[in-house]
Each structure stands twice: as structure tokens, then as C-alpha cells.
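Trainee: I have a model open in front of me and would like to learn how to read its features. Could we go through it together?

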Amino acid sequence: MHRDELTRWVGDTDAFLHGHWRTAPAVFRPGTAAASAAGPAAPLSLEEIDAAVAGGLLRVPHLELARAGDPVHSSRYTRARTVSGVTTPGYADPHRVRELLAEGATLVLRNVEHWHPATRALTRRLEGELGRRVEAFFFVTPPGAQGLDLHRDDADVLLLQGTGSKRWTVRGGPAGPDWGPGEVADAGPALLSDTLRPGEVLYIPRGFAHEAVGGEGLSSHLSLTIREVGTQQLFASLQRLLLDGLPLPARPLDDAALHAAAELLLERFRTRLPELTSEVLLDHARRAQLAEGAVPGLGADPGIAALAARLGAPQEPGANAA
């Protein structure tokens, strides 16, 4: 399988998947033996973020600010906008955002793929190569500042340093399967401690605790979270695989009808369960996760532009005008 996009991020994909995936953090620097010679391209620039914020279309929760793990209340960096007499709160205020950044807050842009076409194209390429949902987050941190305390993410993370530098510390993963994302008090000794500079990539395995502090200049990085399914998704997929198309009555009226419905369920389970494998179930769950994560209309052909082109095209001779 070709993994051209992943290669740009980590170089030798086989070495990455066998030596680091889910097991060990790593830094990849373009031009080194462990990374691609060219390195990944940054799809989003600070100038584009300025334009998005100034344009007034970015709102909470796509945008937030935090300082050392504590969210800054949105009233401090948003304002209401009035359109056609309707006032709606939550729009980014460029002046307040810049002021809070200068005071040491970190700007967090969530799900950038929702509104930035180049980032959306990147996440879709990686989704095609990895078979898992990929979301994009963008962080801007002043020198010496820390946006999030030591925490775990429920996703594998690939992040690309864009501007400035940032000092990262990655510690161990959970001790067992019963864990959750969020802040942790202690996660053992550091497995990796390194400073990322522009063009360099850091991989953090799912659940491994990590934190970072802004270094020289204004640090910005793109963080790609690679989501994995859990037991709830597996259970939902098992239900779909076993029961889709089964004509069950909604409200059986008597004991005989209830027994008939129960027997119908049992017969379907007896028939289909022997055919199912863990590979089939996991594949179904991952495909369902990708479908659920897709935002309707994103990535489709530009509907309005396509309509304009169609309406502006010359009609065939004899065609009836609308």
C-alpha cells in the first residue's frame, strides 16, 4: 500500500509502523535517515489564521485560548456580531486574541479541517492511508508559555512545527485499558525530551502523557490526531452487522409475538455469528467512524460554482429553456 503522505511526515513508513506506532514517541527531522528528505508541507500559515480571525467567521468552539491548562473564558476574546438584526455571540475578536497571546495565553484552533480546504485535503489523504479518522488542531504559543498541562490524548498524534520552537516532554502510556484522556499528575520518567523547530515532526503514541513549553519566537504547530475505535464502536458495529435488514416488530402485542421476535433474533445470531471475524468487525467499526466523522458537504465538488457552470453552459440545440 502506498503511503505517500505518511512518508512525508515520518520517512520510512514500515520502520515507523513497526518501531514507533503505539509503542514509542519519536522526532523526525527532514534530511535525516529517519525522515523524509523534503518533509511535510504546512497547509496553514499564520497569515491565513489572521485572515480567518479578522474576517469574523471563526467562532467558539473552533477557536479558544488557554493558559497552563486553564481555558480562558470566551467572553475575554469574543464578541457578538449583528446580521440582519440578529445578534449572535462567540465570534473571535482579533484585538483581544492578540492581546491575550501577548500576555502568555495559547491560541487553539479546533478541527481546522472543517473550514480550511488545504488542511482538509491533508487529513483526508492520511485517512485514506491509515484507515482511521484524522482531525487537525493548530496551536500558537508565546515564548515560555504553556497552553496545556501534562495530559493524555485519546488518539495518536503527529505534529508539525510551523514557526518558532517548542520544548516537548513525552512520558509513558496508560498501565491498562481502563483509562481516559485528560490531565494526569504523574506518568513516570520522560521517554523523550526535545525541542522542535520549523519543519520537524513529533509522533506521540495514543495515551502517552505529554506537555510542551514555547521556546524561541512565537511557536505554532499543526497537530493531527489519529482517532481509533473503542469497545463502544465495536459493539455498535456488531449490532449493525448482525441485525441490519432484520424485520423486527416494533411492539409485539402478546407473549407469542414476543417469543417469535426473540427466536428471530436468535436465529439471525446463529446464522451470522460463525461468519464474522475480528478483522471484519474492526474494519466495519473503523469505516463507520470515518463516515460519522465526515462533515456533510466538506470536500464535495463546489455546489454553487458547479451550478453556475452548468447554468452558464450553452444548451444543446432543441433543448427547452426553463
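**Reading helices, sheet and a loop**

Mentor: Happy to, and keep in mind that this is a predicted model. Let's begin with two helices that touch: Leu-241, Leu-242 and Leu-243 in H6 meet Leu-265, Arg-268, Phe-269 and Arg-272 in H7.

Trainee: How do the residues of the contact of H6 with H7 divide into nonpolar, polar and charged?

Mentor: Five are nonpolar, two are charged and none is polar.

Trainee: At what angle do helix H6 and helix H7 pack?

Mentor: Angles from 65 to 115 degrees count as roughly perpendicular. Here helix H6 (residues 231-243) and helix H7 (residues 255-272) pack at about 100 degrees, their axes 9 Å apart, so H6 and H7 are roughly perpendicular to each other.

Trainee: Let's turn to the sheet. In what order do its eight strands come?

Mentor: The order is S1-S13-S9-S15-S7-S6-S2-S3, in an open sheet with antiparallel pairing. Strand S1 (26-28) and strand S3 (70-71) each have a single partner strand, so each has one side without a neighbour in the sheet.

Trainee: Which helix packs on the sheet?

Mentor: That is helix H5 (residues 117-130), which touches strand S7 (134-141) and strand S15 (219-226). The direction of H5 makes about 135 degrees with that of S7.

Trainee: How many bridges join strand S2 to strand S6?

Mentor: Four bridges join S2 (residues 63-67) to S6 (residues 106-109), and the two strands run antiparallel. To find your place in that pair, look for Leu-63, which stands opposite Leu-109 in S6.

Trainee: And what do S4 and S5 form?

Mentor: They form a hairpin, with two residues between the strands. Strand S4 (residues 78-83) pairs with strand S5 (residues 86-92) over five bridges, in the antiparallel sense. Thr-82 has Thr-87 in S5 as its bridge partner. In the turn, Ser-84 has a positive phi of about 55 degrees.

Trainee: Now a single residue: does Ser-165 count as buried or exposed?

Mentor: A residue is buried when its relative accessible area is under 20%. Ser-165 has 4% relative accessibility, so Ser-165 counts as buried. You will find Ser-165 in the loop between strand S9 (156-163) and strand S10 (166-170).

Trainee: What does the side chain of Ser-165 reach?

Mentor: It reaches the backbone nitrogen of Glu-216, at 2.8 Å. Leaving aside neighbours within four places in sequence, Ser-165 is in contact with several residues, including Thr-195, Arg-197, Gly-214 and Ser-219.

Technical notes. Residues are numbered from 1 along each chain as its sequence is written. This is a predicted model: local features need pLDDT of at least 70, side-chain atom pairs count only at pLDDT 80 or more; totals for chains, interfaces and linings use all residues. Side-chain values use heavy atoms; hydrogens and water are left out. Two strands pair if DSSP finds at least two bridges between them. Contact means heavy atoms within 4.5 Å. Axes are lines fitted to C-alpha atoms, for helices over the stretch in contact, and angles run from 0 to 180 degrees between N-to-C directions. Buried means under 20% relative accessible area, exposed over 50%, partly exposed in between (1.4 Å probe, protein chains only). A polar contact is a pair of N or O atoms within 3.5 Å; within protein, one must be able to donate a hydrogen and the other to accept it, and residues adjacent in sequence count only if both atoms are side-chain atoms. Angles under 35 degrees count as roughly parallel, over 145 as roughly antiparallel, 65 to 115 as roughly perpendicular and the rest as oblique. Ala, Val, Leu, Ile, Met, Phe, Trp, Tyr, Cys and Pro count as nonpolar, Asp, Glu, Lys and Arg as charged, and the others, Gly among them, as polar.
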